[in-house]
Amino acid sequence: MKAKTQLIIVAGGLGTRLKHSEPKALVPLVDSPLLIHTLNAFQSLDLTKDAIIVYPGGHESAFAGVLKTDFPDGNLTLVAGGKERYDSVALGLKKLSPETEIVLIHDAARPFIQEQTVRDVLDVAIQFGAATIAMRCKDTILQANADGFLEDTPDRSRLWACQTPQVFRREIIEKAYASPKPTTITDDATLVCQSGVPVHIVESSHTNLKITTPNDLQYAEFLITKGLV
């Protein structure tokens with residue numbers, strides 16, 4: 001990675017669907033909070049020392065305590081997030097270092113991202129300006145109408161399940177966020193694409209799961225204890 005790259009971890013979830021009272025990123029996963037597993041995935045790439053962590057407002061002390069324990073020498077920046085993911089990322093972008101050229105945005109709830117996948121998406125983003133990882137859809141996808149009836153069946157060969165990290169040249173992601181706020185967009189690659197910049201897709205794998213429900217958490221614990229990730 002020749003270009004100066006900075007990591008933004010989006011950790012604004014409250015863990016409601018995980019049935020925990022604490023923020024999702026602080027929920028224990030085997031031996032450490034979920035956030036620590038996710039940050040550890042980026043250590044070998046030297047991306048944790050100036051990472052930006054966007055946390056849910058009101059929980060700064062809890063996040064600071066966890067990071068101090070596991071990253072005592074890290075130059076991590078904590079930023080209180082907003083109401084929606086879009087707002088949280090926008091706040092994180094405002095804390096980028098002046099010298100940052102490439103921005104890597106990743107969900108705290110995806111702790112198993114592989115180093116080579118990160119390297120691949122970074123290389124593509126540096127070359128083309130914008131890239132996201134995604135996984136090819138294995139299932140046939142049905143599109144329903146407002147009444148719950150089958151309306152369309154898109155061509156599965158062209159469908160991908162969106163994941164993170166998503167990586168952009170700084171000027172591209174900042175320009176996309178300078179546009180009027182969208183109402184339905186839930187990922188940064190779509191926002192950038194709608195701003196007129198092509199986004200390249202880099203294939204990922206099913207192990208880069210997003211932990212959202214108690215079943216997801218149990219499966220993640222199984223993968224760790226069995227040494228599968």
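**Exercise 1.** Is Arg170 buried or exposed?

*Solution.* The model is predicted: local features need pLDDT of at least 70, side-chain atom pairs count only at pLDDT 80 or more, and totals for chains, interfaces and linings use all residues. Residues are numbered from 1 along each chain as its sequence is written, and side-chain values use heavy atoms, with hydrogens and water left out.

Step 1. Buried means under 20% relative accessible area, exposed over 50%, and partly exposed in between (1.4 Å probe, protein chains only).
Step 2. Arg170 has a relative accessible area of 16% and is therefore buried.
Step 3. The side chain of Arg170 meets that of Glu174 in a salt bridge, 3.0 Å from N to O. A salt bridge is a side-chain nitrogen of Lys or Arg within 4 Å of a carboxyl oxygen of Asp or Glu.
Step 4. Glu174, at 33%, is partly exposed. The two residues are four apart in helix 5, so about one helical turn separates them. Helices (H or I, at least four residues) and strands (E, at least two) are DSSP runs, numbered from the N terminus.

**Exercise 2.** Give the strand order of the open sheet and place helix 5 on it.

*Solution.*
Step 1. Two strands pair if DSSP finds at least two bridges between them.
Step 2. The order of the seven strands is 5-4-1-6-10-7-11, with mixed pairing.
Step 3. Strand 5 (77-80) and strand 11 (200-203) are the edges, each pairing on one side only.
Step 4. From one strand to the next the twist averages 25°. Axes are lines fitted to C-alpha atoms, for helices over the stretch in contact, and angles run from 0 to 180 degrees between N-to-C directions.
Step 5. Helix 5 (residues 170-178) packs on the sheet and touches strand 6 (102-107) and strand 10 (160-169); its direction makes about 110° with that of strand 10. Contact means heavy atoms within 4.5 Å.

**Exercise 3.** Which residues have the most contacts inside the largest nonpolar core?

*Solution.*
Step 1. A nonpolar core is a set of buried Ala, Val, Leu, Ile, Met, Phe, Trp, Tyr and Cys residues joined through side-chain atoms within 4.5 Å.
Step 2. The largest one has 34 residues, and Ile9, Leu35, Phe42, Ile53, Phe63, Leu67 and Leu104 have the most contacts inside it.
Step 3. Helix 4 gives the most to this core, namely five residues.
Step 4. Leaving out residues up to four places away in sequence, Leu67 touches Leu35, Ile36, Leu39, Ile53, Pro72, Leu76 and Leu78.
Step 5. Ile53 of strand 4 stands opposite Ile9. Strand 1 (residues 5-10) and strand 4 (residues 52-55) run parallel and are joined by three bridges.

**Exercise 4.** Why is Cys137 not bonded to Cys162?

*Solution.*
Step 1. A disulfide is a pair of cysteine sulfur atoms within 2.5 Å.
Step 2. The closest cysteine sulfur to that of Cys137 is in Cys162, 11 Å away, which is too far for a bond.
Step 3. The structure holds zero disulfides.

**Exercise 5.** Where in the chain do Lys4 and Asp50 lie?

*Solution.*
Step 1. Lys4 is in the segment before strand 1, and Asp50 is in the loop between helix 1 and strand 4, 46 residues apart.
Step 2. Their side chains meet in a salt bridge of 2.4 Å, N to O.
Step 3. Lys4 is partly exposed at 24%, whereas Asp50 is buried at 10%.
Step 4. A search of the whole structure finds eight salt bridges.
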